Amino acid sequence: MLDSRAQTLLKTLIERYIADGQPVGSRTLSRHSGLDLSPATIRNVMADLEEMGLIASPHTSAGRIPTPRGYRLFVDTLLTVQPLEHEQTEQIEGRLRADEPQRVLSTAASLLSSLSHFAGVVMTPRRASLFRQVEFLRLSERRLLLIIVTPEGDVQNRILTTERDYTSSQLIEAANYINQNFAGLDFGAIRERLQRELATLRDDITALMQKAVETSTRALTEEADPVVISGERNLVGVADLADNVDRLRRLFDLFEQKTGLVQLLDASSRAQGVQIFIGGESELVPMDQLSVVVAPYEADGRIIGTLGVIGPTRMAYERVIPIVDITARLVSSALSHGAAPTRGQDTG
């Protein structure tokens, strides 16, 4: 536990470093902390903070900078969040129109980026792998066109290569069986039922139906981009990230591969309110110079995704936190008044 004097000096040091981007010395702390302390006393407190791993001395500089652990303590116990200005709230609300639900998510990512000056990210809702009907069209021997129609009326076409040839009547029989018995069900549930019912089905169309179910599942769940990202190039101008080529490469690998980002956003959707991952805390975004501020959003009371800001650890958390919080609330409101978009539908 830090005493009030150490807390004040740490808070002042982090606020000055966020504002100026330069290591903070004892003279600056004396001037801005409001404490009547001698330079020697300030240096002693800073030495204690450094020993605790909350601040560090870069190179030979006389000043100190916060460590990820120092930022964490600052965010958890010392930060005073600034309410978003009324004009900014109105700007977000005005652009997240409920009458354009399919554009809400891409607009939210753009707003998060422009308001924070960093990268805005939105994890799109998972699309339920449901279908209204399927049809088979024979293209040639052992080549079929599978036509999948979703409950929303979207159509997906996939070419199937089969191990044997099927007659037109067999294709109609297989499609009719699937449509009559499984329409409106999730493909995962269909797969389980097929396993149980194989013994009662004719062998000549069983393999075809299994192949159709597997292909349909992939078609409806794997194509859409799980994350909308806006403003990632803003981070190129951040000195803490741009002064190291390897760091920049890892940053853009993060945005290009998206795997760790998706896992982080997915895990965050299971928590309430704004969450902050500083430096390498999340392990999914393992960069000490990067922080992620995220919050879940919902539609009609059900959490369906996550949105947030990715920026340097040296970000103005007191400003970014309310931006993310308000945006999540207004996205939830917009989506609750319209049909929530799903992966595979137009979000741009």
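**Close-up views of the predicted model**

**View 1. E93 and the negative surface patch.** E93 is found in helix α5, which covers residues 86-95; here helices are DSSP runs of H or I with at least four residues, strands are runs of E with at least two, and both are numbered from the N terminus. The model is a predicted one, in which local features need pLDDT of at least 70 and side-chain atom pairs count only at pLDDT 80 or more, although totals for chains, interfaces and linings use all residues. Residues are numbered from 1 along each chain as its sequence is written, and side-chain values use heavy atoms, with hydrogens and water left out. Together with E85, E87 and E90, the residue E93 forms a negative surface patch. Patch members have over 30% relative accessible area and no salt bridge, with like charges joined within 9 Å and nonpolar side chains (Val, Leu, Ile, Met, Phe, Trp, Tyr) within 5 Å. Lys and Arg count as positive and Asp and Glu as negative, leaving out His and the chain ends, and a charge is placed at NZ of Lys, CZ of Arg, CG of Asp or CD of Glu. E93 has a relative accessible area of 47%, so it counts as partly exposed, the class between buried (under 20%) and exposed (over 50%), with a 1.4 Å probe and protein chains only.

**View 2. The whole protein, as a setting for the close-ups.** The secondary structure of the protein comes to 13 helices and 10 strands, and 47% of its 348 residues count as buried. About 17100 Å² of the protein is exposed, and carbon and sulfur atoms supply 46% of this area, as computed by the Shrake-Rupley method with a 1.4 Å probe, where for residues only the protein chains shown count as cover. Among contacts (heavy atoms within 4.5 Å) between residues at least 6 apart in sequence, 62% join residues that are at least 24 apart.

**View 3. The salt bridge of R16 and D20 in helix α1****.** A salt bridge links R16 with D20, and their closest N and O atoms are 3.2 Å apart; the term stands for a side-chain nitrogen of Lys or Arg within 4 Å of a carboxyl oxygen of Asp or Glu. By this rule, the count comes to 8 salt bridges. R16 and D20 are separated by about one helical turn because they stand 4 residues apart in helix α1, residues 4-20. R16 is partly exposed, with a relative accessible area of 24%, and D20 is also partly exposed, with a value of 45%.

**View 4. The salt bridges of R329 with D325 and of R249 with D253****.** In helix α13 (residues 317-336), R329 and D325 lie 4 residues apart, about one turn of the helix, and their side chains meet in a salt bridge at 3.2 Å from N to O. R329 counts as exposed at 53% relative accessibility, whereas D325, at 22%, counts as partly exposed. Elsewhere, salt bridges that share partners join D246, R249 and D253 into one network. Within that network, the side chains of D253 and R249 meet at 3.3 Å, N to O, and these two residues lie 4 residues apart in helix α11 (residues 245-257), about one turn of the helix. D253 is partly exposed at 32% relative accessibility, and R249 is partly exposed at 45%.

**View 5. Strand β6, a nonpolar patch and the buried T150****.** I159 belongs to strand β6, residues 155-161, and joins L137 and L139 in making a nonpolar surface patch of about 270 Å². T150 is placed in the loop between β5 (143-149) and β6, and with a relative accessible area of 1% the residue T150 is buried. G184 is 34 residues away from T150 in sequence, yet their C-alpha atoms are 8.8 Å apart in space.

**View 6. Positive phi values at H117 and R142****.** H117, although it is not a glycine, has a positive phi of about 70°. H117 lies in the loop between α6 (104-116) and β3 (119-123), where it is exposed with a relative accessible area of 52%. R142, likewise a residue other than glycine, has a positive phi near 70°. The place of R142 is the loop between β4 (133-140) and β5, and R142 is partly exposed, its relative accessible area being 40%.
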